[in-house]
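Here is my notebook from a session with one protein model. I kept the entries short so that you can follow along in the viewer.

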Amino acid sequence: MTIQDSEIKSGTVQDAMIAMGRQARAASRIMAAVGTAEKNAALLAIAEAVDAARAAIAEANAKDLAAGRDSGLDDALLDRLELTPARIDGMIEGLQQVAALPDPVGEISELNYRPSGIQVGKMRVPLGVVGIIYESRPNVTAEAASLCLKSGNAAILRGGSEAIHSNQAIAECLRAGLAKAGLPETAVQVVATTDRAAVGALITMPEFVDVVVPRGGKGLIERISRDATVTVIKHLDGICHVYIDDDADADKALAIAVNAKTHRYGTCNTMETLLIAQSRAQALLPVIAQQMQEKGVELRGCERSCALVPAMAAAEESDWATEYLAPILAVRVVDGLDEAIEHINRWSSQHTDAIVTENYSKSRRFLREVDSSSVMINASTRFADGFEYGLGAEIGISTDKIHARGPVGLEGLTSQKYIVFGDGHIRQ
């Protein structure tokens, strides 16, 4: 079932969403019992459908891009919205990779005998119905569907209005693949209305929806976190840091810093603040600044940074707390590791932070003391991604500390229940 704008009248959005919720709940019971082979067949059939529908997907995406430009979407949002041939390839590869991943559902762990003679363990099970609310990136439609299907869940997907045509083109592929595999098409439902009331309904249906994952701007996530009566897996900001330590390799530092900022600007794992040790700043910072400026990055620095790079604008305190999602970088010279960790733990959004160093002891301290969902040694923050972590795709990034943290893949969309094996045992 899909909801079309042309079908919506006053008061019907809530009813239509409830109907979708009922169908999703019913489909979730079926999906929880579906075997690995059937789920993999559906994923591969969806991948084939996406491949066959390249032209239709590109045409739909062109409509969204044109509408986005007309409505004044900025370059970062247009970049997220665009489905290039390479990104369509990525969707297909992601579906195939998820199909190849081990199925977590039914996995039994920690099985031990108790003194009473019973065996107690844990079994991994689906969450049930997962609601995904996202903006701009239509490839999320395929990624979210693949992970929900493989983990035995049903899904209700609500993409942004700016990607309505692209999402519906991909939704057709989802339905075709599910039908070919003999699974219920209602296992993945894509909301086809741009009416925001659909979001309000989705996040307040705990009887039908078990968890909501918002992917989008801070405003969207704050609203959902505030208003939802369904459990939310989320992150608000991606204020990511790279710290270049006293013991950093200069070539590694330069490559990592430039990549972490300029590989893509509009992503949550892009570096927003560069920290550099005082002992390395005089030699390295001007070189890094030159490469950043050649790529069009505006630099905003502390007093010591500006003294080394006079073309750099003076940073304000708000710059340390800003996720730019744009070619802007905050820069601060610090005295060493202690000050770097202090800065990160104060200003980081607990998403992804990296250190560049050849000092083993310092790297271990950084891993222990930086309180973020991904902490890296000698690697670009751009690796903080489900696909790069081998999860096949990700449903989102979580900076929460309960249930799931970091990129959320298959395991993050499951839970565990206790299981007990006995043979007529009774409690004495």
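**Charged pairs**

I began with Asp 227, which forms a salt bridge with Arg 226, and the closest N and O atoms of the two are 3.1 Å apart. I should say early on that this is a predicted model. Next I looked up how much of each partner is open to the outside. Asp 227 is partly exposed, with a relative accessible area of 33%. Arg 226 counts as exposed because its relative accessibility is 61%, and the cut-off for exposed is over 50%.

A reminder to myself: side chains of opposite charge can pair when their charged atoms come close.

I then went to Asp 51, which forms a salt bridge with Arg 54. The closest N and O atoms here are 2.7 Å apart. Asp 51 is partly exposed at 40% relative accessible area, and Arg 54 is partly exposed at 28%.

My third pair was Glu 272 with Lys 261, a salt bridge whose closest N and O atoms are 2.7 Å apart. Glu 272 lies in strand β9 (residues 271-277) and Lys 261 in helix α10 (residues 250-262), so this pair ties together parts that are 11 residues apart in sequence. Are Glu 272 and Lys 261 buried or exposed? I checked, and both Glu 272 and Lys 261 are buried.

I also found a network of salt bridges that links Asp 245, Asp 246, Asp 247 and Lys 362. How many salt bridges does a search of the whole structure find? My search gave 27.

**Strand β8 and its neighbours**

Now for strand β8, residues 240-244. Why is β8 described as largely enclosed by the rest of the structure? Five of its five residues are buried, so that description follows.

In a regular strand the side chains alternate between the two faces of the sheet. I therefore looked at each face of β8 in turn, because buried means under 20% relative accessible area and I wanted to see where that holds. On one side I noted Cys 240, Val 242 and Ile 244, and on the other His 241 and Tyr 243; all are buried, and both faces of β8 are covered.

Which strands pair with β8? One of them is β9, which pairs with β8 in the parallel sense over five bridges. Within that pairing, Val 242 has Leu 274 in β9 as its bridge partner. I traced the chain from β8 through α10 to β9, and this β-α-β crossover is right-handed.

Strand β13 (residues 352-356) also pairs with β8 in the parallel sense, over four bridges. Here Tyr 243 stands opposite Ile 355 in β13.

**A buried loop residue**

I picked Thr 399 next, which is found in the loop between β15 (396-398) and β16 (406-408). Thr 399 is buried, because its relative accessible area is 13% and the cut-off for buried is under 20%. What does Thr 399 touch, not counting residues up to four places away in sequence? My list of contacts has Lys 234, His 235, Leu 236, Ser 349, Gln 350, His 351, Ser 373 and Arg 405.

**A nonpolar patch**

Last, I turned to the surface. Ile 108, Leu 111 and Phe 421 make a nonpolar patch there of about 240 Å². Phe 421 has its place in strand β17 (residues 414-421), and Phe 421 is partly exposed, with a relative accessible area of 40%.

Definitions and conventions. Residues are numbered from 1 along each chain as its sequence is written. This is a predicted model: local features need pLDDT of at least 70, side-chain atom pairs count only at pLDDT 80 or more; totals for chains, interfaces and linings use all residues. Side-chain values use heavy atoms; hydrogens and water are left out. Patches are made of residues with over 30% relative accessible area and no salt bridge: like charges are joined within 9 Å, nonpolar side chains (Val, Leu, Ile, Met, Phe, Trp, Tyr) within 5 Å. Accessible areas come from the Shrake-Rupley method with a 1.4 Å probe; for residues, only the protein chains shown count as cover. A salt bridge is a side-chain nitrogen of Lys or Arg within 4 Å of a carboxyl oxygen of Asp or Glu. Helices (H or I, at least four residues) and strands (E, at least two) are DSSP runs, numbered from the N terminus. Buried means under 20% relative accessible area, exposed over 50%, partly exposed in between (1.4 Å probe, protein chains only). Two strands pair if DSSP finds at least two bridges between them. A crossover is right-handed if, with the strands pointing away from the viewer, the path from the first strand over the helix to the second runs clockwise. Contact means heavy atoms within 4.5 Å.
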